[in-house]
Amino acid sequence: MQISHSEQINSTFEILWTLLLDKVQHPDRTIKEITHVEILEKYDDGILRQMHALGMTIKERITIDEQNKIIRFDLIENTMFTGYFLNKVEGSDKKLILIYEQNWIPITPQARELEPKLSQIIINGVQEMKELAEKQ
């Protein structure tokens, strides 16, 4: 199921990108459903991260592509979903658009039950990031 939400952000790209990079290592600062975050490995272009949310363990290989303004979170060994999540920035300073896009495919009945909660989590996450970026 693909879900996305976007907001215009009145900030500079540098401020927004710095906040998005911080969210890679500390997602619990902007997404309240997340508990216990652990960085498992670091790579030249990203990290391997594990966290807990909504009663499941989420392990992700995160790839950071600043040139294209995209951070991609690929699910790894997930028992409930397959797929990926994107954080994208479009536009230029003071006319930035922040997009969170989730492409998770449920593979269990329990996963389908969680789907309605996911869109509100994405909306809240984008709005929280907008608030942080515009305060800077």
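**Close-up 1. Lys 59 and Glu 77 meet through their side chains, with a polar contact of 3.3 Å between them.** This is a predicted model, and here we zoom in on one charged pair. That contact also counts as a salt bridge, at 3.3 Å from N to O. Glu 77 sits in the loop between strand 5 and strand 6 while Lys 59 is in strand 4, so the pair ties together parts that are 18 residues apart in sequence. As for the surroundings, strand 4 runs over residues 56-65 and takes in Lys 59. Glu 77 is out in the open: its relative accessibility is 67%, so it counts as exposed. Leaving out residues up to four places away in sequence, Lys 59 touches Leu 40, Leu 48, Arg 49, Gln 50, Asp 74, Leu 75, Ile 76 and Glu 77.

**Close-up 2. Two further salt bridges join Asp 22 to Arg 29 and Lys 32 to Glu 33.** Side chains of opposite charge can pair when their charged atoms come close. For Asp 22 and Arg 29, the closest N and O atoms are 2.9 Å apart. Asp 22 is partly exposed, with 29% relative accessibility. In the other pair, Lys 32 and Glu 33 have their side chains 3.2 Å apart, N to O. Lys 32 is exposed, its relative accessible area being 70%, whereas Glu 33 is partly exposed at 24%. Searching the whole structure turns up eight salt bridges.

**Close-up 3. The largest nonpolar core brings together 35 residues.** The residues with the most contacts inside this core are Leu 16, Leu 20, Phe 81, Val 89, Leu 98, Tyr 100 and Trp 104. Quite a list of elements chips in at least two residues each: strand 1 (2-9), helix 1 (13-25), strand 3 (46-53), strand 4, strand 5 (70-75), strand 6 (81-90), strand 7 (96-106) and helix 2 (109-135). Helix 2 gives the most, with eight residues.

**Close-up 4. Phe 81 is one of the core residues with the most contacts inside the core.** Now for its own set of contacts. Setting aside residues up to four places away in sequence, Phe 81 touches Met 56, Leu 75, Trp 104, Ile 105, Pro 106, Ile 107, Ala 111, Leu 114, Glu 115 and Leu 118. Trp 104, one of those partners, is also on the list of residues with the most contacts inside the core.

**Close-up 5. The structure has one cavity of 30 Å³ or more.** Rolling a probe the size of a water molecule over the atoms shows where empty space is left. The largest cavity holds about 270 Å³ of space. It is lined by 19 residues, and the closest to its centre are Ile 31, Ile 34, Met 51, Phe 85 and Ile 121. Strand 3, strand 4, strand 7 and helix 2 are the elements that give two or more residues to this lining.

**Close-up 6. Ile 121, in helix 2, is among the lining residues closest to the centre of the largest cavity.** With a relative accessible area of 16%, Ile 121 is buried. Ile 121 and Ile 31 are 90 residues apart in sequence, yet their C-alpha atoms are 7.2 Å apart in space. Ignoring neighbours within four places in sequence, Ile 121 is in contact with Ile 31, Glu 33 and Leu 54. Glu 33 will be familiar from the salt bridge with Lys 32.

Technical notes: Residues numbered from 1 in each chain as written. Predicted model: local features only at pLDDT ≥ 70, side-chain atom pairs only at ≥ 80, totals over all residues. Heavy atoms only, no water. Helix = DSSP H or I, 4+ residues; strand = E, 2+ residues; numbered from the N terminus. Polar contact = N/O pair within 3.5 Å; in protein donor to acceptor, adjacent residues only side chain to side chain. Contact = heavy atoms within 4.5 Å. Core = buried A, V, L, I, M, F, W, Y, C linked by side-chain atoms within 4.5 Å. Buried < 20%, exposed > 50% of the residue type's maximum accessible area, 1.4 Å probe, protein only. Salt bridge = Lys/Arg side-chain N within 4 Å of Asp/Glu carboxyl O. 1 Å grid on protein atoms, 1.4 Å probe; cavity = no way out; pocket = protein on both sides within 12 Å on 5 of 7 lines; lining within 4 Å. Points joined across faces, edges and corners; volume = space filled by probe spheres on them.
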